[in-house]
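Me: I should like to go through the charged side-chain pairs of a structure that is new to me. Please explain the reasoning at each step.

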Amino acid sequence: SLTTAPELPAMTLANYCYEAMFSACTSLITAPELPATTLAEGCYNAMFHGCTSLTTAPELSATTLAYYCYSSMFAGCTSLTTAPELPTTTLQEGCYNAIFQGCTSLTTAPELPATTLATYCYSQMFEGCTSLRTAPELPATTLASHCYNAMFYGCTSLTTAPDLPATTLAGSCYCGMFQNCTSLRTAPILSATTLANECCQQMFFGCSSLTGSPLLRATRLTNSCYKEMFYGCTSLTNARTLSAATVLEESCFENMFGGCAALVTSPTISSSPGMKKNCFKNMFNGCSNLTTMPYTGTSFPWQSHAYGCYEGMFANCTSLRTIPSTIFGYNAYDYCFRRMFAGCTRITTKIRLYANNLGSLSGVCESMFEGCTNLMSGLTADSLIIGPDCYKNMFKNCGNLSCIEAKFTGTTSGNFTMQNASGYTNNWVYGVSSAGVFYHKSATPEAPTGYSVHWIPNGWEVQLLA
């Protein structure tokens with residue numbers, strides 16, 4: 001039932017001295033003055049956490065901050081409508097981390113004049129401030145690891161984002177910055193030309209009102225730099241061209257536009273001589289209105305591959321009709337084409353896959369066309385030898401499929417037979433058409449016999465592939 005706080009006249013503070021001092025004092029209306037100008041580690045951490053009746057914050061006049069000094073100071077103060085001024089320009093690690101987290105009545109943010117940031121300095125600062133409509137200017141040009149991490153996460157009333165002038169980014173600096181800002185319509189200008197690992201990961205995740213993506217200028221990518229950047233942006237209709245990059249780093253575009261159901265035209269992606277693990281994984285997964293591919297021509301422009309590089313790239317793109325006729329997979333890796341076009345229900349044509357080294361790999365084409373209900377003919381790779389799970393579920397539930405050309409004759413353990421089929425082509429023709437022609441390239445005068453969901457569909461005619 002505490003409604004009034006005692007005076008706190010100390011000018012020199014000690015580590016964690018006022019930590020959680022008034023935490024959960026739900027009747028506290030007025031906070032005490034805090035005259036100290038030199039702070040200590042964690043000194044005000046969670047000091048007023050959960051003070052749901054507090055309407056006015058004290059002045060914070062300190063000019064020298066400390067490690068996590070204001071962290072969560074007013075978190076959960078749901079009646080706080082105005083934030084105190086924060087004039088300090090020299091920051092410390094975590095100094096303002098989650099300071100206003102969950103302040104659901106806060107409508108205006110204080111100015112943030114600092115130009116050089118510190119690790120986690122503004123992390124989660126306004127997370128869950130559902131009444132905040134305008135973000136402060138962010139003039140900093142020198143960033144630090146996680147500096148803006150989840151800064152405006154869940155600010156569902158925020159309609160405009162500040163410009164971000166920094167040209168050199170830091171690890172996870174913008175990670176989740178505007179995540180679930182469901183009223184945000186326009187993305188800020190991104191001036192960055194030098195990226196860092198996970199720098200823009202989930203930056204606009206779940207921004208369901210966002211209609212366009214900003215120009216991304218960097219030509220040298222980093223691990224997970226754009227991972228899930230626009231995931232779930234269900235109003236996104238326009239995506240800008242992605243600058244040419246020398247190497248597609250690990251998970252750089254993973255799930256970047258996943259679930260962007262309104263995206264009709266994919267951004268152009270220039271050819272790159274090198275790619276790394278999961279670089280395009282699920283990039284357009286669930287883009288149900290996507291009708292175009294991110295490049296021109298009849299073949300994929302990338303001839304160097306990596307583990308899982310195309311996995312799920314166009315999965316569940318249910319409006320996609322036209323795909324390249326050729327993929328050069330001479331440098332294929334494990335799972336590189338897994339689920340690439342799974343669930344693309346309007347695809348009708350087959351792809352010729354030039355690959356001759358699949359015997360040493362696992363799951364290369366697993367579920368590649370699973371659920372492509374209008375696919376009429378299927379074609380395996382040129383490789384005569386296949387590895388474990390190579391074609392597992394490849395044509396599963398392709399209900400109109402009535403023609404398959406199977407070029408392989410052996411496995412990593414010897415000849416391909418009915419007895420070992422499930423380890424390589426498990427359920428690959430489950431749910432296909434009840435009648436069709438199965439062409440097989442065999443070293444013997446006739447194709448191996450046997451009907452099952454792991455090999456030749458029951459009721460199909462078998463012919464020798466020339």
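Me: Which residue forms a salt bridge with Glu249?

Reply: In this predicted model, the closest N and O atoms of the pair are 3.0 Å apart. This lies within the 4 Å that a salt bridge allows. The partner of Glu249 is Lys276.

Me: How many residues apart are Glu249 and Lys276?

Reply: Glu249 is in the loop between strand E1 (247-248) and strand E2 (274-275). Lys276 is in the loop between E2 and strand E3 (326-328). The pair therefore links distant parts of the chain, and the separation is 27 residues.

Me: Is Glu249 buried or exposed?

Reply: Buried means under 20% relative accessible area. Lys276, at 41%, is partly exposed. Glu249 has 15% relative accessibility, so Glu249 counts as buried.

Me: Which residues are joined into one network by salt bridges that share partners?

Reply: Arg338 forms a salt bridge with Glu311, with the closest N and O atoms 3.2 Å apart. Arg338 lies in the loop between E3 and strand E4 (352-354), and Glu311 lies in the loop between E2 and E3. Both residues are buried. Shared partners join Glu311, Arg338 and Glu366.

Me: What is the relative accessible area of Lys407, which meets Asp382 in a salt bridge?

Reply: The side chains of Asp382 and Lys407 meet at 3.2 Å, N to O. Asp382 is partly exposed, with a relative accessible area of 22%. Lys407 is buried, and its relative accessible area is 13%.

Notes: Residues are numbered from 1 along each chain as its sequence is written. This is a predicted model: local features need pLDDT of at least 70, side-chain atom pairs count only at pLDDT 80 or more; totals for chains, interfaces and linings use all residues. Side-chain values use heavy atoms; hydrogens and water are left out. Helices (H or I, at least four residues) and strands (E, at least two) are DSSP runs, numbered from the N terminus. Buried means under 20% relative accessible area, exposed over 50%, partly exposed in between (1.4 Å probe, protein chains only).
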